[in-house]
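Me: Could you walk me through some of the terms used for this model? I would like to see how each one is earned.

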Amino acid sequence: MSESVEKEERKPRHFIQQMIHRDLDEGKYGSGIVTRFPPEPNGYLHIGHAKSICLNFGLAQEFGGICNLRFDDTNPLAEEDHYRIAIEKDVKWLGFDVEDRTYFSSDYFDQLYLWAIELIKLDKAFICELSFEEMAEYRGNPKEPGKFSPSRNRPIEESVDIFERMQAGEFKEGTYTLRAKIGMTSSNMHMRDPILYRIQNAAHYRTGDKWKIYPMYDFTHCLSDAIEGITHSLCTLEFEVHRPIYKWLIDQLPTPSTPYQREFAKLNINYTLLGKRVLKKLVDEQLVDGWDDPRMPTLSGMKRRGYTPTSIRNFCDRVGVAKRDNVIDLSLLEFSIREDLNKIADRRMAVLNPLKVVITNYDENGEELLDAVNNPEDETRGSRQIPFSNTLYIEKEDFMEDPPRKFFRLGPDREVRLRYAFFITCNEVIKDDSGEVVELRCTYDPLSKGGKSPDGRKVKGTMHWVSAKHCVDAEVRLYDRLCQVEDPASEKPEEGFGDVLNPDSLKVIKAAKLEPSLVEAKEEEPFQFERMGYFCADRDSSDDKLIFNRTVGLRDSWAKMGGKK
RNA sequence: UGCCCUGUGGUGUAAUUGGUAGCACGUCUGUUUUUGGUGCAGAAGGCUUCUAGGUUCGAGCCCUAGCGGGGCAACCA
C-alpha cells in the first residue's frame, strides 16, 4: 500500500481508540474488547449519556467486541424499576442492540459479599464503627492526612462476624461499615480507607429485602467489570480519582479478569442543563411536562420533540472524545437534526398564523387537486395532491402592507407564487376596525398552474398556503431553549432555578391550519412544514385534536437579516 | 494554598517531531433554486498552537516553572 493511500485512510482517532489499538497490537485481548454502559436506574438518560453510549457501543462495533448494558444498582434509596425500563428503551431507541447482554450489579451481590469476606480475611478490610460525623473528622482533608479508625486493628474473625451479622440485620443503619485497609495519608481522599459496604434497611427494587447491606460504587463497579470480563472501563473525568481504588481492589482479589479504567470528558451543551439531579428537580417541581417533555435534553424528550437516533449519533460523533472540559454549541445539535430530517422528512404545507386570502377570479364553488413533491431530496418519496379553492390561508408574516426593499413576499399589487399552485396578485387589503389586516383579495393567473408561468415571467417569492375549505386545525407547540442563560449549571440550579429558565420556552398555537393529509401523521413521524421547520405529531394528539411539536426551525437567513421579529 | 487532570482560530476536535497546523459547526460572500430551506463555490478568523525557559539541526507534540480552567474530603453513582 502506498504511503499516500495510507494517509488518506487514516482517520482522526481519539485517545481511547489509540489506546485500544495499542492494546490490541500487544495482543492483550485476543478475543476482542468488551465495554459496558453502566447507568444507575435513578433517572432518565440524557444526551450526555448518549455520548457515553455511542462511545462504548461504537468502540465495541469498531473493534469487533461487545458492549454490555449494566445497571449499576447498588443504592436502593434512589433506584426504581420504571427507570430501568425507560433506560433499556432509550438505549434500544438510540440504535444499539444489547441482545441478551443486560446485566445488573445487584445480580453480583452474592459474589461481592464473598469477596468482601475474603478481603477481610486478607486483612485488607475491617469493620469500622465510627459514626458518620466521626468518619468525616477522621478522614482529614486533602492537605492533611487523616487518622486511623480506632476499629482498624479489630481482629479478622471479629470483623467477619460483625459483617455477617450486619447482613443478618442485627444492626441499625449507620452503626457499622466495612472499610478497606489502605491507609489514611493519601492525598487522594478516596484512598483513605474507603467505605466498601454500608447498612441500609431499604428494600431494593430487584433484590427486595434480601440484603441489609449494600456495596458502595467503588467496591461494586470494578468487580462487576471483572465479572463481566470488561476490558476497557470508560467513565467520565470525575471518576479519575477513583482509578487507584479500582485498581487496588482488582489487585487484591482473585478476579476472573483484570479490567482497567480510563476517563473522558463528559458532554456539556450551552443553554442546556445536563445532570440527573437537576432534571429530576424540573420534573418533580412540574416545571416541565415530565421526563419526556420535548424541551428536556433527555433521550425520551428529544424523541418526543422529533429528534432522530441518527441525528443524535452523528452529533456524538462530531463532538469527539477528549479529556479537556468542553461546551458544545447548541447549533451543532441543531445542525445534526436538520441534516437528517432534510433527507428523510416529507414536506407538507401548514399555516401557523393564518391570514385569509380570497381569490376573486376563481370559481367560488370550484376546487382542484395540485401535485406536490413529497421530498425534493428523495425522489422515491413521490408526490401527493393538495386541494385548492378560492379561499386560502397564508402566513400572516408573508404579507406586508408597506414592504421594505428586500421583502420578497406578498404586498399590495405584488405578485408571488403559491407553492405548487398559482401566481397570485394582491389587489385589495381588508382591515378590521382596529386597522389590522384580516383578509386579502387577490387574483390568480390560471395559466400559472403548478407554479410556472408560460410567458416566463418570474416572481421573487414563493409562499406556502392551505385551502380554507379543506384544511384541518391543529395545535402546534413551538419550543425554544429551556434555559435562557448560556451556562445554566453555574447558577446552582440544584438550589433553585431563579431566572435560568426561559419563560418563552413553549409557545402554543391553538389553531394552525394544516394540509389535510396531515391527519394521518403518526407519532414521531417527521415532516417538514415548508418554510417553517420540522414537526412531528405529539403523543397528546387524539382523534379530535391534532397536536404537533416543532422539532427545530429551518435555517432562516431572512430572520438573521433582522427581517423578522 | 495538598494532589490529580487539562490548555490548538467564536465553539468542538485533528495533526508518524519537519513543506502554507487539517476538519466540522458557526460567521460572511457569491451561485442555483417553485422552501429567504437544501446543494454548490469561496472567504474571513490578532494563530509566536496560554506564557517563559530548556532539550533538539528541528517542538503544537518531550522537560521545567508560571498562569488559566476543571476535579477531589457523600455510609451517591
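Reply: Happy to; what follows takes ring pairs, burial, charges over rings and strand pairing in a predicted model.

Me: Why is the pair of Phe109 and Trp211 called edge-to-face?

Reply: The planes of Phe109 and Trp211 stand at 80° with 5.9 Å centre to centre. Rings pair if their centres lie within 6.5 Å, and planes over 60 degrees apart count as edge-to-face, so both conditions are met.

Me: What makes this pair a tie between parts of the chain?

Reply: Phe109 belongs to helix H5 and Trp211 to the loop between strands E6 and E7, so the contact ties together parts 102 residues apart in sequence. Both residues are buried, and they belong to one aromatic cluster whose members also include Phe163 and Tyr197.

Me: Why is the pair of Phe163 and Tyr197 edge-to-face?

Reply: Here the centres are 5.2 Å apart and the planes at 80°, so the pair earns that name. Phe163 sits in helix H7 and Tyr197 in strand E6, so parts 34 residues apart in sequence are tied together.

Me: How do you know that Lys147 lies over the face of Tyr138?

Reply: Lys147 is 4.5 Å from the ring centre of Tyr138. The cut-off for NZ of Lys is within 6 Å of the centre and within 35 degrees of the ring normal. Likewise, the charged end of Lys460 sits over the ring of Phe408, 4.7 Å from its centre.

Me: What makes E12 and E15 paired strands?

Reply: Pairing needs at least two bridges, and five join these antiparallel strands, so they qualify. Pro354, for one, has Glu395 as its bridge partner in E15. E12 also runs parallel to E18, joined by four bridges.

Technical notes: Residues are numbered from 1 along each chain as its sequence is written. Chains are lettered from A and ligands numbered from 1 in the order in which they are written. This is a predicted model: local features need pLDDT of at least 70, side-chain atom pairs count only at pLDDT 80 or more; totals for chains, interfaces and linings use all residues. Side-chain values use heavy atoms; hydrogens and water are left out. Rings of Phe, Tyr and Trp (its six-membered ring) pair if their centres lie within 6.5 Å; planes under 30 degrees apart count as stacked, over 60 as edge-to-face and the rest as tilted. Buried means under 20% relative accessible area, exposed over 50%, partly exposed in between (1.4 Å probe, protein chains only).
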